[in-house]
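Here are my notes on the model, as numbered points. Have the structure open while you read.

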Amino acid sequence: MLRIVDITSSGKTRKLLTYARENHLIVVCSNAARMRDKAERYGLGYVECIAYSDFLEQYKDGSMP
């Protein structure tokens, strides 16, 4: 797990999405569609994102690695 802590408007989301893209990781967030859109707008291409509720459901079912 990566936590990025900094002041407002310091580029935390961009850092998180860049890290996820470079390391082929999934971003777990409240609004997956919005986060994927941000990645596209930052020029990072597709970054896999999943909502908290979907993550917990998959974890409960045992289908999450």
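1. Terms first: helices (H or I, at least four residues) and strands (E, at least two) are DSSP runs, numbered from the N terminus. Residues are numbered from 1 along each chain as its sequence is written, and side-chain values use heavy atoms, with hydrogens and water left out. The model is predicted, so to speak of local features pLDDT must be at least 70, while side-chain atom pairs count only at pLDDT 80 or more, and totals for chains, interfaces and linings use all residues.

2. Start with helix H2, residues 32-41. Right behind H2 comes Gly 43, with a positive phi near 80 degrees. The buried residues of H2 (buried is under 20% relative accessible area, exposed over 50%, partly exposed in between, with a 1.4 Å probe and protein chains only) are Ala 32, Met 35, Lys 38 and Ala 39. Viewed down the helix axis, they fall within an arc of 120 degrees, so they line one face of H2; the arc is taken from the directions from the helix axis to the C-beta atoms. Arg 34 and Arg 41 are exposed on the other side. The buried set packs against H1, E1 and strand E2 (49-51), where contact means heavy atoms within 4.5 Å.

3. Lys 38 deserves a look. Which side chain of opposite charge is nearest to Lys 38? That is Asp 37, 8.4 Å away, and Lys 38 is buried yet has no salt bridge. Here Lys and Arg count as positive and Asp and Glu as negative, with His and the chain ends not counted; a salt bridge is a side-chain nitrogen of Lys or Arg within 4 Å of a carboxyl oxygen of Asp or Glu. Leaving out residues up to four places away in sequence, Lys 38 touches Thr 13 and Leu 17.

4. The largest nonpolar core has 10 residues: Leu 17, Ala 20, Val 27, Cys 29, Ala 32, Met 35, Ala 39, Leu 44, Val 47 and Cys 49. At least two residues each come from helix H1 (12-23), strand E1 (27-29) and H2, and H2 gives the most, with 3. By definition, such a core is a set of buried Ala, Val, Leu, Ile, Met, Phe, Trp, Tyr and Cys residues joined through side-chain atoms within 4.5 Å. Beyond four places in sequence, the contacts of Leu 17 include Val 27, Met 35, Tyr 42 and Val 47.

5. How many disulfides are there in the whole structure? The search finds 0, taking a disulfide as a pair of cysteine sulfur atoms within 2.5 Å. Cys 29 is in none, its nearest cysteine sulfur being that of Cys 49, 5.0 Å away, which is too far for a bond. Cys 29 is buried at 6% relative accessibility, and Cys 49 is buried too, at 7%.

6. The structure holds 3 salt bridges. Lys 15 pairs with Asp 6, closest N and O atoms 3.8 Å apart. Within H2, Arg 41 and Asp 37 are 4 residues apart, about one turn of the helix, and their closest N and O atoms are 3.0 Å apart. Arg 41 is exposed at 58%, whereas Asp 37 is partly exposed at 39%.

7. Last, helix H3 (residues 52-61): of its 10 residues, 0 are buried, so H3 lies largely in the open. Glu 57 and Lys 60 form a salt bridge at 3.7 Å between the closest N and O atoms. Gly 62, just after H3, has a positive phi of about 85 degrees.
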